[in-house]
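Subject: Handover of a structure and notes on its contents

Dear colleague,

I am passing the following structure to you, together with a short account of what was found in it. Please read the notes with the structure open beside them.

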Amino acid sequence: MAGRFRPPTPTTRTTFRGGHTPVPPPPNTPLDPGSDQGSNPGLSPALTPVPAPTPVPAPAPVPTPGLDPDLGLTLGPLRRGPADPTFRVTPDGSVWRASRTPEGPGTIRLAIREGAPAADAWGPGASWLLDNAPALLGAEDDPAAFVPRHKLVLASLRRRPGLRLTRTGLVLESLIPTILEQKVTATEAYASWRHLVRTFGEPAPGPAPEGMYVMPDARTWTRIPSWEWHRANVDGKRSATIVRAARVAARLEEAVLMDPPAARRRLELIPGIGPWTSAETIQRSNGAPDEVTTGDLHLPGIVGWALAGDRAADDEAMLDLLAPYAGQRHRAVRLILLSGRVPPRRAPRMAPGDITRI
């Protein structure tokens, strides 16, 4: 079965635009189609450090003059829970990501060294990851275009000058975990993602922290048997949506070259992918500063409460409140979520479901 045995991995370390230096790495151990309302308001999980592997050489500088991103704020939306097997933060502050690129699996380490971003990568996809490292760190983002219109948003912005909107350039990588988050709790979705990546993915190349995996390729997603989806606590509607998307993965990946509205329309051609899923995906893959998540269970109430004291706000009311931020509405929502201003809870949290016992 895919992911059970580790394939041979190149023994080269790649630095950003610096060629390949032979360095033997240490061993790495091991929908309802018409409605896809999400239950996760988009809050980034805490970046809890995990033990680092054997020390590796310092990463090479990323040539992005003037870029000074906060790695946690910028890359946090890419992390699917504190135990995401594709994402790690080590005690030295480095962020490790395992991705499946157009050139194959790869691992990238991102860090801030002497006040500047730095990166290095391993595996067949190393060159692709390094070429796209500036965009991942927000080099294509323009925070100067944002003008705060509310005191709360201004205060949140001043406390977080390093916030940048990331652009991964990879659609399926964000689409599949977003589909898993449809109509379930974040806890359920994160557990499903972990199970599927660890079972059908492959160990991350290079000296990545222990337990890191690259997500399965598109063909593997289409071949996961029904009982494995059941073991992962994924119902038939979500699994069918993932399979349909994986079958046309090449066409969906073309969306990174489109403007965000056209990219969302491309994704929404797949039954089971609606406005909530397409927005959450394109925000990450395309770095879209104006794409707002609609159809979310919590977000309208959070935005309404933060900007107008209206916890009963719906999507229409939320969009009206965000109208002054046209062109930068997604950034405004990020800053509102990061402000921590949420309406008081009036009911218990939704209890996680578990279909594995059925």
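The notes below cover one strand and its neighbours, two empty spaces, and the aromatic pairs.

Please bear in mind throughout that this is a predicted model.

Strand β5 and its partners

A convenient place to begin is β5, which spans residues 95-101. This strand is mostly covered, as 7 of its 7 residues are buried. The burial applies to both faces: V95, R97, S99 and T101 lie on one side, while W96, A98 and R100 lie on the other.

β5 runs antiparallel to strand β4 (residues 87-89), and 3 bridges join the two. Within this pairing, V89 stands opposite V95 of β5. The two strands form a hairpin with 5 residues between them, and G93 in the turn has a positive phi of about 90°.

β5 is also joined to strand β6 (residues 104-113), by 7 bridges and again in an antiparallel arrangement. Here V95 stands opposite L110 in β6. β5 and β6 likewise form a hairpin, with 2 residues between them.

The second largest cavity

Which element gives the most residues to the lining of the second largest cavity? It is β5, with 4 residues. The cavity itself holds about 110 Å³ of space. Its lining comprises 13 residues, of which L78, T86, R97, E173 and W193 are the closest to the centre. Two elements, β5 and α5 (172-180), each give two or more residues to this lining. By class, the lining residues of this cavity are 5 nonpolar, 3 polar and 5 charged.

The second largest pocket

β5 also takes part in the second largest pocket, where β5, α5 and α10 (249-253) are the elements that give two or more residues to the lining. The volume of this pocket is about 350 Å³. Among its 19 lining residues, those closest to the centre are R100, T101, P102, L170 and E253. The largest share of the lining comes from α10, with 3 residues. The lining of the pocket divides into 11 nonpolar, 3 polar and 5 charged residues.

Aromatic pairs

The model contains 4 aromatic pairs. One of them is formed by F146 and Y325, whose ring centres are 5.4 Å apart and whose planes meet at 10°; the pair therefore counts as stacked, since planes under 30 degrees apart fall in that class. F146 lies in the loop between α3 (133-136) and α4 (151-159), and Y325 in the loop between α14 (315-322) and α15 (329-339), so the pair ties together parts that are 179 residues apart in sequence. F146 is buried, at a relative accessible area of 7%, and Y325 is buried as well, at 2%.

W221 and W229 make another pair, with ring centres 6.2 Å apart and planes at 25°, so this pair is stacked too. Both W221 and W229 are buried. Together with W193, these two residues form one aromatic cluster. W193 has been named above already, among the residues closest to the centre of the second largest cavity.

With kind regards

Conventions:
Residues are numbered from 1 along each chain as its sequence is written. This is a predicted model: local features need pLDDT of at least 70, side-chain atom pairs count only at pLDDT 80 or more; totals for chains, interfaces and linings use all residues. Side-chain values use heavy atoms; hydrogens and water are left out. Rings of Phe, Tyr and Trp (its six-membered ring) pair if their centres lie within 6.5 Å; planes under 30 degrees apart count as stacked, over 60 as edge-to-face and the rest as tilted. Buried means under 20% relative accessible area, exposed over 50%, partly exposed in between (1.4 Å probe, protein chains only). On a 1 Å grid over the protein atoms alone, a cavity is a set of points where a 1.4 Å probe fits but cannot get out, and a pocket is an open set with protein on both sides within 12 Å along at least five of seven lines; lining residues have an atom within 4 Å of a point. Grid points are joined across faces, edges and corners, and a volume is the space filled by probe spheres set on the points. Ala, Val, Leu, Ile, Met, Phe, Trp, Tyr, Cys and Pro count as nonpolar, Asp, Glu, Lys and Arg as charged, and the others, Gly among them, as polar. Two strands pair if DSSP finds at least two bridges between them.
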